[in-house]
Amino acid sequence: MPVQPEEKRMYMQAIQIIGAGSAEPARVVTNDDLANIMDTSDDWIFPRTGIHSRRFCAEDETAGTLAHRAAEAAIRDAGIKKEDLDLILVASMSSDYAAPTIAATLQKTLGLREIPALDINAACSGFIYGLEVARGLLMASRKRYALVVGSEQLSRLLSMEDRNTAVLFGDGAGACIVELLPEDAGIENGTKPLYEALLGSRGSDVILAPGCYGTTPVDHMLMDGKEVFLFAVKTIPEVLEALLEKSGLALEDLDYVVCHQANARIIRNVVRKLHAREEQFFMNMETYGNTSGASIPMALAEMKQKNLLKHGAKLALIGFGAGLTYGGALLTVR
Ligand code: UT7
C-alpha cells in the first residue's frame with residue numbers, strides 16, 4: 001500500500017473522539033453453552049480465537065435498541081447536549097429493517113433535531129468508514145459534532161447448525177461522539193492535530209451474509225475462515241504502516257492500536273510481524289466475540305471506562321472484514 005507523494009502533502013482536517021459508550025445485550029452465551037447445542041468445545045474455540053463467551057440479544061433487544069443505549073452513553077460521556085449533534089451515522093450489517101434506517105430511528109428515539117441520519121454498511125470495517133463519512137459530511141456542511149455508532153445483531157444471521165461461523169460472532173453496540181476540529185487548529189503553534197485515514201475494498205464473497213436479493217441463495221452467514229485469516233494478517237500491518245508513514249509517526253508513538261476484535265490469533269500474528277508489544281494492542285473479544293462494525297467503538301468505550309485513554313491519547317483504529325473491506329484511522333481522544 002504505497003503512500004503517494006501528493007497524499008503526504010495534503011492537509012487533513014482532523015476529527016477527534018470526545019466521548020464513547022457501549023451497550024451489551026443481556027444474554028451471555030459461553031463456549032460451553034454452544035457445546036451443549038452443537039459439536040464444538042471451549043478447547044476448540046478458545047485457542048483458535050481468544051473467545052470464551054459472547055452476548056446475544058434478548059427478545060426485546062435489537063441492533064436498533066442497542067444503538068440507542070450506546071448513543072445515550074456516548075453523549076453522556078462526551079458531556080455535550082444532544083441538541084449539539086449535527087449528524088447521525090450508524091454502521092451495521094444487521095440492521096433491524098432496510099428502512100427505516102437505525103440512524104433515522106435514533107433521531108426520533110433520542111429526541112434530536114432534524115439532522116442528517118444515515119446507515120452505512122461496510123461490514124466489520126463499518127465504524128472506520130463511518131468516521132471518514134462523518135468527517136466528510138461535517139466538513140461539507142461546516143458543522144461540528146457527529147454521533148457515529150456501530151451496532152450489530154449478528155446472532156440473527158447465524159445458523160446454530162453451522163459451527164464454522166456460529167461460534168465466532170456476537171451482538172453489541174458501541175458509539176462515539178466525534179468532533180471536527182477547526183481547519184486551522186494547531187497551525188499557529190505547530191501542533192496540528194493527528195488525523196490520517198485510509199479506506200479500501202477488494203471485492204470477494206469469502207464472507208457472505210443474507211440480504212434481500214442476490215444470485216447465491218444464502219440463509220445464514222458463511223465464511224471461508226482461512227482466507228479471511230490470511231487477508232487480515234496481511235492487511236492490518238499494511239494499513240498501519242501506510243498510516244504511520246503518512247503521519248511521520250512510529251508505532252511506539254501510539255498509545256494503543258485498536259483492531260477489529262475478530263480473533264486474538266489474528267492480532268497476535270500482527271504483533272509478531274510488527275515486532276510490537278502485545279499490550280499496545282487492546283483486545284476484548286474474550287467476552288464479546290466478533291461484533292463486526294460494533295467491535296471498535298465497544299473497545300473504545302471499555303478503554304475509556306477503564307481509564308486507559310489519557311487526554312490526547314494517540315490511537316490507530318483498524319477495521320477489516322466482509323466485502324472484503326478494510327480501513328484505518330490515526331486520531332486522538334479528548
Ligand atoms: O470479521 C472477520 C471475521 N473472520 C475471522 O476472524 C475468521 C478468521 N479465521 C479464523 O480465525 C480461523 O480460520 C477459524 C477460527 C475460523 C477456523 O480455524 P482453522 O484452524 O482455520 O480451522 P479449519 O476451518 O481449518 O477447521 C479445522 C477443523 C475442521 O475439521 P477437519 O476437517 O479437520 O476434521 C473443521 O470441521 O475444525 C473443524 N471445526 C470445528 N470443530 C469444532 C470448524 N469449526 C469448528 C468448531 N468446533 N466450531
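User: What share of the chain's residues count as buried?
Analyst: In this predicted model, 57% of the 334 residues count as buried.

User: OK, and which helices and strands am I looking at, how many of each?
Analyst: The chain has eleven helices and 13 strands. Its radius of gyration is 19 Å, close to the 20 Å that the globule rule gives for 334 residues, so the chain is as compact as a globular protein of that length.

User: What box would the C-alpha atoms fill?
Analyst: Roughly 65 × 45 × 40 Å, taken along the principal axes.

User: Back to the inside. Which residues touch the most other members of the largest nonpolar core?
Analyst: That core has 52 residues, and the ones touching the most other members are I236, L240, L251, L254, V257, F281 and F320. Several elements each supply at least two residues of this core: helices α8 (225-247) and α9 (264-273), plus strands β11 (256-259), β12 (313-321) and β13 (323-333).

User: Which one gives the most?
Analyst: Helix α8, with eleven residues.

User: Let's zoom in on F281. What does F281 touch?
Analyst: Leaving out residues up to four places away in sequence, F281 touches L240, V257, C259, I267, V270, V271, L274 and A276. L240 and V257 are also on the list of residues that touch the most other core members.

User: What other core lies apart from that one?
Analyst: There's another core of 40 residues, and its members include I17, A91, V178 and V333.

User: New topic: is helix α11 enclosed or open?
Analyst: Ten of the eleven residues of α11 (residues 295-305) are buried, so the helix is largely enclosed by the rest of the structure. The buried ones are S295, I296, P297, M298, A299, L300, A301, E302, M303 and K304.

User: What follows α11?
Analyst: N307 comes after α11, and N307 has a positive phi, near 55°.

User: Which residues that aren't glycine have a positive phi, besides N307?
Analyst: R142 is one of them, with a phi of about 55°, and S292 is another, at about 50°. R142 lies in the loop between α6 (126-141) and β6 (145-153), while S292 lies in the loop between α10 (285-288) and α11.

User: Is R142 buried or exposed, and what about S292?
Analyst: They are opposites here. R142 is exposed, with a relative accessible area of 74%, whereas S292 is buried, at 1%.

User: Now the backbone. Where are the cis peptide bonds?
Analyst: One joins A99 and P100, with omega about 0°. P100 is found in the loop between β4 (87-91) and α5 (102-109). Another cis bond runs from G323 to L324, with omega near -10°, and L324 sits in strand β13. That strand also supplies at least two residues of the 52-residue core.

User: How about contacts along the sequence, what share joins residues at least 24 apart?
Analyst: 76%, counting contacts between residues at least 6 apart in sequence.

User: And the outside, how much accessible surface is there?
Analyst: It comes to about 14900 Å², and carbon and sulfur atoms account for 49% of that.

User: Last one: how many charges are there, and how far apart are their mean positions?
Analyst: There are 33 positive and 43 negative charges, and the mean positions of the two sets are 4 Å apart.

Key
Residues are numbered from 1 along each chain as its sequence is written. This is a predicted model: local features need pLDDT of at least 70, side-chain atom pairs count only at pLDDT 80 or more; totals for chains, interfaces and linings use all residues. Side-chain values use heavy atoms; hydrogens and water are left out. A nonpolar core is a set of buried Ala, Val, Leu, Ile, Met, Phe, Trp, Tyr and Cys residues joined through side-chain atoms within 4.5 Å. Buried means under 20% relative accessible area, exposed over 50%, partly exposed in between (1.4 Å probe, protein chains only). Helices (H or I, at least four residues) and strands (E, at least two) are DSSP runs, numbered from the N terminus. Contact means heavy atoms within 4.5 Å. The radius of gyration is taken over C-alpha atoms; the globule rule is 2.2 Å times the number of residues to the power 0.38. Accessible areas come from the Shrake-Rupley method with a 1.4 Å probe; for residues, only the protein chains shown count as cover. Lys and Arg count as positive and Asp and Glu as negative; His and the chain ends are not counted. The place of a charge is taken as NZ of Lys, CZ of Arg, CG of Asp or CD of Glu.
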